[in-house]
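Please walk me through this structure, beginning with how two of its helices pack and then turning to its aromatic rings.

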Amino acid sequence: MNNVEYLIVSSTLDYSTDMICLELHKRGLRYLRINRDRFSTYQIGYSYSDSTLKIKVEDRNYNISESSLKAIYFRAPCFIRSHKNYTIEEQLERSQWNAFIRNLIVLENVKWINNPVNTYKAENKMYQLKIAKKVGLCIPETFVGNHHPNMSPKDTYIVKALDTPLFYSDGNESFTYTTVISDKELERAELQQAPVIIQEYILDKLDIRATVVGQNIFPVGIYSNGAPISGDWRTTKKENLDYVPLELPEELNRNLLALMKYLGLEFGGVDLIKSNNKYYFIEVNPTGEWGWLVKNTGIMIDRMIVDEMAARKD
């Protein structure tokens with residue numbers, strides 16, 4: 001029986017998780033990776049007689065107990081967002097495996113990056129913004145609802161989804177980006193069907209991704225061909241994007257760490273905007289991608305995550 005020290009919960013096609021597993025392998029640490037899209041091929045059972053999770057992968061048996069397990073790296077969403085048409089059997093399978101993932105919190109006396117309970121709360125954008133403001137971060141003027149906002153008049157606004165919507169049509173999945181609209185377009189918009197987030201549009205801004213791992217913050221400015229990007233930078237072709245490491249003010253760093261502590265997160269991808277020497281918090285993604293940052297900047301986020309996993313739990 002293989003006693004697991006580090007449990008990885010992810011999916012088969014996940015580059016960031018691949019890097020974590022490679023780093024664990026290099027250090028000779030005992031780990032097991034289980035992929036959500038392969039769960040039905042495993043034999044999984046939790047016994048209350050010895051409080052142990054046993055998993056059989058192909059012909060190998062793994063033993064997961066709080067006496068030997070040190071950390072769990074959790075790269076699984078807490079919300080089911082796909083609107084694909086599944087059969088009754090597929091819906092049942094997906095719902096029960098997602099429930100199983102949530103119930104892994106039974107392994108409570110280990111370090112989580114991140115605990116799914118905290119991830120669930122932190123994925124709520126309204127809650128994020130409230131806590132960000134509470135710990136001293138600046139946020140754009142924001143309204144959430146299904147009618148025209150009670151905000152100070154602006155020429156231009158940002159409109160985005162309250163939660164990342166996935167659409168499934170003709171065999172393809174797609175999602176929405178942040179949209180820049182004029183005040184006249186907003187006046188004509190029919191908002192009654194569903195709530196949206198409406199924010200002031202901040203001009204002359206620099207997008208910043210600050211990846212937080214434990215007490216470490218790795219910020220990069222995002223440019224296109226050497227210049228800041230107007231609108232949603234994710235709509236820019238990848239080959240035209242540049243990521244430049246930078247430093248943030250100490251007060252901002254302290255506030256970001258306070259946000260992470262309040263949310264109970266050990267890891268998060270924080271989106272910021274800098275405009276006229278003022279920094280605005282946009283959102284934090286508790287399961288955000290970071291492999292592209294390692295590839296494009298050389299910042300060893302994978303090593304820092306494994307360092308955090310290997311550090312003794314407080």
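In which kind of crossing, left-handed or right-handed, does helix 1 pass helix 8? In this predicted model, helix 1 passes helix 8 in a right-handed crossing. Two packed helices are described by the angle between their axes and by the distance between those axes. Here helix 1, which covers residues 15–26, and helix 8, which covers residues 301–310, pack at an angle of about 60 degrees, and their axes are 9 Å apart. That angle makes helix 1 oblique to helix 8.

On the side of helix 1, the residues that take part in the contact are M19, I20, E23 and L24, and they meet D302, R303, I305, V306 and M309 in helix 8. Sorted by character, the residues of this contact comprise six nonpolar and three charged ones, with no polar residue among them.

The aromatic rings offer a second view of the model, in which the count comes to seven aromatic pairs. One of them joins F39 and Y42, a tilted pair whose centres are 6.0 Å apart and whose planes stand at 55 degrees; both F39 and Y42 are buried. Another joins F74 and W112, whose ring centres are 6.0 Å apart and whose planes are at 65 degrees, so this pair is edge-to-face. Because F74 lies in strand 7 (residues 71–74) and W112 in strand 8 (residues 111–113), the pair ties together parts that are 38 residues apart in sequence. F74 and W112 are both buried as well.

Returning to F39 and Y42, these two residues belong with W97 and F100 to one aromatic cluster.

Methods. Residues are numbered from 1 along each chain as its sequence is written. This is a predicted model: local features need pLDDT of at least 70, side-chain atom pairs count only at pLDDT 80 or more; totals for chains, interfaces and linings use all residues. Side-chain values use heavy atoms; hydrogens and water are left out. Axes are lines fitted to C-alpha atoms, for helices over the stretch in contact, and angles run from 0 to 180 degrees between N-to-C directions. Helices (H or I, at least four residues) and strands (E, at least two) are DSSP runs, numbered from the N terminus. Angles under 35 degrees count as roughly parallel, over 145 as roughly antiparallel, 65 to 115 as roughly perpendicular and the rest as oblique. A crossing is left-handed if the near helix is turned anticlockwise from the far one by less than a right angle, and right-handed if clockwise. Contact means heavy atoms within 4.5 Å. Ala, Val, Leu, Ile, Met, Phe, Trp, Tyr, Cys and Pro count as nonpolar, Asp, Glu, Lys and Arg as charged, and the others, Gly among them, as polar. Rings of Phe, Tyr and Trp (its six-membered ring) pair if their centres lie within 6.5 Å; planes under 30 degrees apart count as stacked, over 60 as edge-to-face and the rest as tilted. Buried means under 20% relative accessible area, exposed over 50%, partly exposed in between (1.4 Å probe, protein chains only).
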